[in-house]
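Q: I have a two-chain model open and want to go through how the chains meet. Can we start with the terms?

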Amino acid sequence: MQAPPQSMEMPDMSNAIVAQDEMGRPFIIVKDQGSKERSHGIDAIKSHILAARQVSTILKTSLGPRGLDKILISPDGEINITNDGATILSQMELSNEIAKLLVELSKSQDNEIGDGTTGVVVLTGALLDQSLELIEKGIHPIKIANGFENACKIAVENLDKIADEVVIHEDLKDNLLPSSDLFKAAKTSLGSKIVSKSHDKFAKMAVECVLNVADLSRKDVDFELIKVEGKLGGSIDDSKLINGITIDKDFSHPQMPKSFEDLKIAILTCPFEPPKPKTKHKLEISTIEEFKNLQDYEQNKFTEMIAKVKESGANLVICQWGFDDEANHLLLSNDLPAVRWVGGSDLERIAMATNGRIVPRFEDLTPEKLGHAEKIREVVMGTTRERMLVIEGCENTKTVTCLIRGSNKMIVDESIRSLHDSLCVVRNLIKDNRIIYGGGAAEISCSLKISEEADKQKGIDQYAFRAFSQALDVIPMSLAENSGLDPIETLTTLKSQQVNEKNSNIGVDCLGNHQNDMKKLFVIETLIGKRQQLLLATQLTRMVLKINDVIISGKDQY
Amino acid sequence: MSFRGQTPTIVVLKEGTDTSQGRGQIISNINACVAIQDTLRATLGPFGSDILIVNNNKTTISNDGATILKLLDVVHPAAKILVDISRSQDSEVGDGTTSVALLAGEFLKESKQFIEEGMSPTIITKGFRKACELSCEKIKELQVELHNEDPVEFRELLRKCAKTAMSSKIIHKNSDFFTELVVDSVLTLDQDDLNEQLIGIKKVPGGSMTDTKFIKGVAFKKTFSYAGFEQQPKNFKNPKILNLNVELELKAEKDNAEVRIDKINDYQEIVDAEWKLILQKLQAIVDTGANIVLSKLPIGDLATQFFADRGIFCAGRVPQDDMNRVILAVGGSIQTTCSDITEHDLGTCEVFEEVQIGGERYNLFEGCPKTKTVSLILRGGADQVIEEVERSLHDAIMVVKRSIKNRFVVAGGGAIEMELSKILRTYSRTIPGKQQLIISAFAKALEIIPRQLCENAGLDGTELLNKLRSLHSKGEVWYGLDFEKESISNNFEKFIWEPSLVKINALQSATEAAILVLNVDETITNKANEEQPNAAAAAMAGRGRGIPR
């Protein structure tokens, strides 16, 4: 996009590779001028809008319960199938600067809310699309952005007004019933995903997970306490929730018992070997006797260590480091099952769950520092030799692990992402139990509200308001389109229904339930999620509209 | 003339040296500066647009003059002067970085015609100096002092100034929210010193801009932690805080030392000795009664678990500037040993907490007794958004700071420029000679600010400027552009205020820069060093060129 040459006597940097002075001598103003790409003015804005539109068109077909998936192939040939907006964008390797902004946008929606990552990009694309028309009418881009911002304020107010509250039962068990609101909400968020086959199972899993770790008084959920582990094999239906911790390791010796109860766990960060000084050292052995001494010393050390562990009363050793065969043998003969090479974060999680303490050396091992749990068992997956250890009935139950199974890696990965989305939805509801109805109902309601307000505005805001309301319509329209309905007919019917019945819960019936009232279908979205979508989309639109000059340094030549 | 009219070429300089001189040189320098000015002009004012610059795969979107010029990678010697004045304006007053480059460019543009007509640059510079002097005097005469007797009212006045500084930035629409933040931050600082470095700005992507948090105290990101960290308590009331510059890890005491062991039994002793060293340190720390231990150097897993067992929170590898701010806030001092720490060396605050902000965890120290420092945690939809918010806040913070120190303001929106322009025009008519032309050229150049503001907003510059001129000649000092009405109004009453220092500094540096460019009539560029024939060295040379100054 080269700006048209301007008829100025001044050297114009946009087309001047080298400017010339009066003497006809070329001079350079900016370093590497020749390799810099430059575009500015309305052309720049238009090309940005086109780039954004392309990105949002890619994502549009993934919106809603009938949205389709995309295959993404990474540079090393790894295949990924997903319909999660943030994942698609982050793997697309875009080179356009504006497209990159959209990627960050969906990423930040993902970080903050975890759901609605596709919607936010589609909405931004629609807003930019609408502003293109206004720019062509000759309206100043920043004035459009200002108008959008005012419209967004009204939309957010409207959301607050139409928001509903869901009930979170005091008794946690009640929330797990299929009739509870949390359960239904989790189910909605899974609607568009691959796991919809075992819908109820995943929804239940999500609710149970979050409620197990949630701190209801502080309305806070620490995701660190939820571990989602994927294992290949089996079907999605075999996925399950484990109330405890899984470690992707097996016992250090194959003859150790595979499961036993009433655990007292010694959590060690020192290896089972004679301690070495950290300072550089050298031991010279000159006689056979000394060599024997050394051997004895090592032997003694091993028995001493085992004795110390035994003394403390531990019956399971979890060690951050390895131990050699000698120690392994001794552990077995002393009836001390052990796990080696457990990573730091797993170690920490075990310590937290079992109320144990991490012990840095054998001398510090005391009965009080042991962790307690009811049961450990080794789980074998199918016929493969993949094993993992499960520690259950921990004293401090606030950790859960979701074990996801699936017939291939792509399904497992996608299921994990889907579960993450619904975990986020449940968490958001615990944080703020206000909801709005999905299926485009909220967008239609805001769109109606804004177009009503539009007539009250004076000046350019009137145009911006109308554009904003049209951009909001894109969401229900895409939903309808993806579900195989006639978008325009659906939208107009829904709009008139909302106005006539004064019911803001009317949305697109994506799944063919012959019911447009989303409240009855219980298709919900969180209020904070939707609000965030509107705010982020408006903010980014402003940023893109404000840019009218682009300078891209040339690719480095080396 | 023994050479029959022909002068032989006398080679004085090394071959390959580029020389340019004379009037042509001045004009080409002016052209270069004007080209830079052209790049910047679209970013001025509330309707100024942004520039997207991609440099080394890093995208920056900004409308801050200094930032853009820095990233443009200007090599032309004369054009570099513009970059430098904009940067000095940034460090001196923090705002008006675009205006200063615009003004300098415009002064040069006006003087170009005189140079072309053959006027000596010295005459022009003399006129510019005089005009600048007059303008600064006039600003000092016109400026209005802010009253700081009533703190509530003073606060309100400061907010007005901050708001004007923000008007052209991305945060314009949320300026009510941000002015509050900025004014609060600056007022919390030590009023005698006002070191803006003590306002810690942290960035967390995600969330909306208005989720930005203001913390009266210190906030820093969770540092790298070892296993056992999660078992430490994360919440304290009135904790004692110990700041260290000690590495707490089990390690070799001296890197190059070597121990020779003769007897097997010595082996264990050395191991024990090493353990004793670290445990002694840790015990000494626990004995001080501190609840929170911070260190600039790493705190290893052993220490982390040791502290976890004793209900102490620790964080290692705390960045230097965060550490400094913690000390300023909580008191105490950095300890370089673990022994002999007295009560006096420990700091304290009301509440310490680790909280989740977006996807990251932050350590917050609030309610500090010596709070002379604050932290802002910025949020926004994309990294570029947050960075631009940070730059905008920096400008606003600087403006508020200047307004507190030097409590004089003038009206913005082109009002003060129009008034100065009028005064200079009137003055120029009273003096004879070439100076008359030059001073009126200076006056004309000043109008670039309101004219560019109009152009960026898509308003009819000529019409509005004529209206302004006529009002100013009637003595309406504070009339300027009003973008809400798309017309003109009294900007002093509209509270579009800028610190007068910003204007004075901008005028002075722009004039200085213009004079500097006009006085240069020869450039001698030495040829760059010969590139090495082998490919690797050539690549290195290429790389060298790519690195900004």
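A: One term to settle beforehand: two strands count as paired if DSSP finds at least two bridges between them. Also, this is a predicted model.

Q: Fine. Which residue is the bridge partner of A:H281 in β10(B)?
A: That is B:V259. The strands involved are β11(A) and β10 of chain B, residues 258-261, and they pair in the parallel sense over four bridges.

Q: And β20(A), which strand of chain B do the bridges join it to?
A: Strand β2 of chain B, residues 50-55. The two run parallel, with five bridges between them. Within β2(B), B:I53 is the bridge partner of A:I551.

Q: Is β20(A) mostly covered or mostly open?
A: Mostly covered: six of its six residues are buried.

Q: Zooming out, how many residues does each chain give to the contact?
A: Chain A gives 74 residues and chain B gives 94 residues.

Q: What is the buried area between chain A and chain B?
A: About 7,600 Å², with 56% of that coming from carbon and sulfur atoms.

Q: How many salt bridges across the interface of chain A and chain B?
A: The rule finds four. One of them joins the side chains of B:D309 and A:R357, at 3.3 Å from N to O. As for polar contacts between the chains, the count is 16 residue pairs, both residues at pLDDT 80 or more.

Q: Which elements give two or more residues to the side of chain A that touches chain B?
A: The helices are α3 (97-112), α5 (141-162), α8 (288-312), α10 (344-354) and α16 (527-546), and the strands are β11 (280-283) and β20 (547-552). By residue class, that side of chain A divides into 30 nonpolar, 15 polar and 29 charged.

Q: Different topic: A:Q109. Where does A:Q109 lie, and why does A:Q109 count as buried?
A: A:Q109 lies in helix α3 of chain A. It counts as buried because its relative accessibility is 0%, and the cut-off for buried is under 20%.

Q: Which residues does A:Q109 touch, not counting those up to four places away in sequence?
A: Among them are A:G114, A:D115, A:T117 and A:V120, and also A:G529, A:Q532, A:Q533 and A:L536.

Q: Last one, α9 of chain B. How many of its nine residues are buried?
A: Seven, so by the under 20% cut-off the helix, residues 301-309, is mostly covered. The buried ones include B:L302, B:F306 and B:F307.

Q: What do the buried residues of α9(B) pack against?
A: β14 (358-359) of chain A, together with α8 (264-287), β11 (292-295) and β12 (313-315) of chain B. Just after α9(B), B:G311 takes a positive phi of about 65 degrees.

Definitions and conventions:
Residues are numbered from 1 along each chain as its sequence is written. Chains are lettered from A and ligands numbered from 1 in the order in which they are written. This is a predicted model: local features need pLDDT of at least 70, side-chain atom pairs count only at pLDDT 80 or more; totals for chains, interfaces and linings use all residues. Side-chain values use heavy atoms; hydrogens and water are left out. Contact means heavy atoms within 4.5 Å. Buried area is the accessible area (1.4 Å probe) that two parts lose on being put together, summed over both. A polar contact is a pair of N or O atoms within 3.5 Å; within protein, one must be able to donate a hydrogen and the other to accept it, and residues adjacent in sequence count only if both atoms are side-chain atoms. Ala, Val, Leu, Ile, Met, Phe, Trp, Tyr, Cys and Pro count as nonpolar, Asp, Glu, Lys and Arg as charged, and the others, Gly among them, as polar. Buried means under 20% relative accessible area, exposed over 50%, partly exposed in between (1.4 Å probe, protein chains only).
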